[in-house]
Amino acid sequence: MVDTIQTANNANMAKTKQVYTSTNKPIWCAGCGDFGVFASINKALTELNIDKSNVAIVSGIGCSSAMPHSFSTYGVHSLHGRLLPTATGIKLANSDLTVIGTGGDGDGYGIGGGHLVHTARRNLDMTYIIMDNETYGLTTGQTSPTALLGRKTKSTPFGVIEMPINPMALAISAGATYVARGFSGDPAHLSQLIKGGIEHKGFALIDIFSPCVTFNHENTYDWFRPRVYKLESQGHDPSNLNMAMEKAFEDVQTKYDKIPVGLFYKTLRPTYEELELSFQNGALVKQAMPTKEQLHSIMEENL
Ligand code: SF4
Ligand code: MG
């Protein structure tokens with residue numbers, strides 16, 4: 001009888017749709033691309049119906065890093081560029097959690113650029129969403145690592161003279177196993193990319209054109225719309241590494257006339273969690289703590 005009631009309760013719980021959003025009002029300017037990203041993450045989580053007590057959303061610093069406040073999952077608003085070390089710590093402590101990083105291009109490709117390379121090559125099972133507006137919005141519009149050559153900003157009044165980061169090529173060559181790019185002006189498409197990233201077993205990087213309507217008046221929705229096209233509409237094979245790298249440079253080579261969005265590259269290789277011996281008995285947080293004697297014996301064996 002008790003079993004029957006328990007089974008019925010479990011079935012009802014499985015059917016219950018989770019609400020992932022919080023009651024906090026977003027801080028973004030009206031029209032900011034981050035609204036489309038927020039809606040897309042919410043749609044992806046809702047479709048996946050993951051238990052929200054098993055979701056942690058982690059951010060760095062910047063306008064887009066306010067994202068965790070808009071969700072009722074667990075969340076950490078961490079330090080500038082330190083989103084990935086924080087997310088890594090969470091994943092190592094409890095590898096059963098769905099961990100999602102949300103931050104900007106300055107945070108992720110500038111200050112946190114080194115962390116991106118090493119987290120990608122470790123292939124931790126997490127999703128990193130970068131809202132790329134080619135500027136530092138929170139500090140009122142300086143040049144960021146993805147700002148295009150020649151663009152005049154308050155920190156480069158004579159135009160940018162440094163090559164922009166190529167997020168797709170960087171992530172693929174660093175070892176990310178799911179590499180995609182979306183556009184916040186197309187949330188339906190974007191939510192499917194995010195859903196695929198969350199479902200993917202391994203490190204997923206999703207770069208998103210997310211216009212800053214206040215401080216970037218060049219890379220606007222109207223600038224992107226005629227330029228972006230979907231990779232899947234042209235038969236792109238995301239398992240083909242060479243083709244993925246070729247597509248990663250198509251925007252530069254066409255002088256930004258053609259900008260592909262969609263899933264560039266996807267492959268499967270063992271995740272860090274699968275290879276790390278400490279996780280073989282399950283998530284660390286669920287394992288029994290070793291006794292003082294066991295700790296001493298481990299130290300003696302290894303010193
Ligand atoms: Fe968005 Fe730009 Fe406003 Fe920041 S400053 S909230 S990036 S529109
Ligand atoms: Mg930015």
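**Entry 1: K230 and D186.** I looked up K230 first and found that, at 32% relative accessibility, this residue counts as partly exposed. The model I am reading is predicted. I then examined the contact that K230 makes: its side chain meets that of D186 in a salt bridge, at 3.1 Å from N to O. The two residues belong to distant parts of the chain, K230 in strand β9 (residues 228-230) and D186 in the loop between β7 (178-183) and α7, 44 residues apart. For D186 I noted a relative accessibility of 23%, so that residue also counts as partly exposed, given that buried means under 20%.

**Entry 2: K201 and D125.** I next recorded a salt bridge between the side chains of K201 and D125, with an N to O distance of 3.2 Å. K201 lies in the loop between α7 (187-199) and β8 (204-209), and D125 in the loop between α5 (113-122) and β4 (127-132), so the pair ties together parts that are 76 residues apart in sequence. I checked the accessibility of both partners. K201 is partly exposed, with a relative accessible area of 45%, whereas D125 counts as buried at 15%.

**Entry 3: remaining salt bridges.** I found R225 and D222 joined through their side chains in a salt bridge of 3.8 Å, N to O. Here R225 is partly exposed at 46% relative accessible area, and D222 is exposed at 63%. I also noted a network of salt bridges that links K43, E47 and K195. The count for the structure comes to nine salt bridges.

**Entry 4: ligand 1.** I listed the residues around ligand 1 as W28, C29, C32, C63, N133, G137, C212, V213, T214 and F215. I sorted this shell by residue class and obtained seven nonpolar, three polar and no charged residues.

**Entry 5: the whole protein.** I counted twelve helices and ten strands in the secondary structure. I compared the radius of gyration with the expectation for a compact globule: with 303 residues the expected value is near 19 Å, and the protein has 21 Å, which agrees. The C-alpha trace spans about 65 × 55 × 40 Å along its principal axes. I noted that buried residues make up 48% of the 303 residues. Of the contacts with a separation of 6 or more, 72% are between residues 24 or more positions apart. For the accessible surface I recorded about 14,900 Å², of which 58% belongs to carbon and sulfur atoms.

Conventions
Residues numbered from 1 in each chain as written. Chains lettered and ligands numbered in written order. Predicted model: local features only at pLDDT ≥ 70, side-chain atom pairs only at ≥ 80, totals over all residues. Heavy atoms only, no water. Salt bridge = Lys/Arg side-chain N within 4 Å of Asp/Glu carboxyl O. Helix = DSSP H or I, 4+ residues; strand = E, 2+ residues; numbered from the N terminus. Buried < 20%, exposed > 50% of the residue type's maximum accessible area, 1.4 Å probe, protein only. Near = heavy atom within 4 Å. Nonpolar A, V, L, I, M, F, W, Y, C, P; charged D, E, K, R; others polar. Rg over C-alpha atoms; globule rule 2.2 N^0.38 Å. Contact = heavy atoms within 4.5 Å. Areas by Shrake-Rupley, 256 points an atom, 1.4 Å probe, with all protein chains shown as cover.
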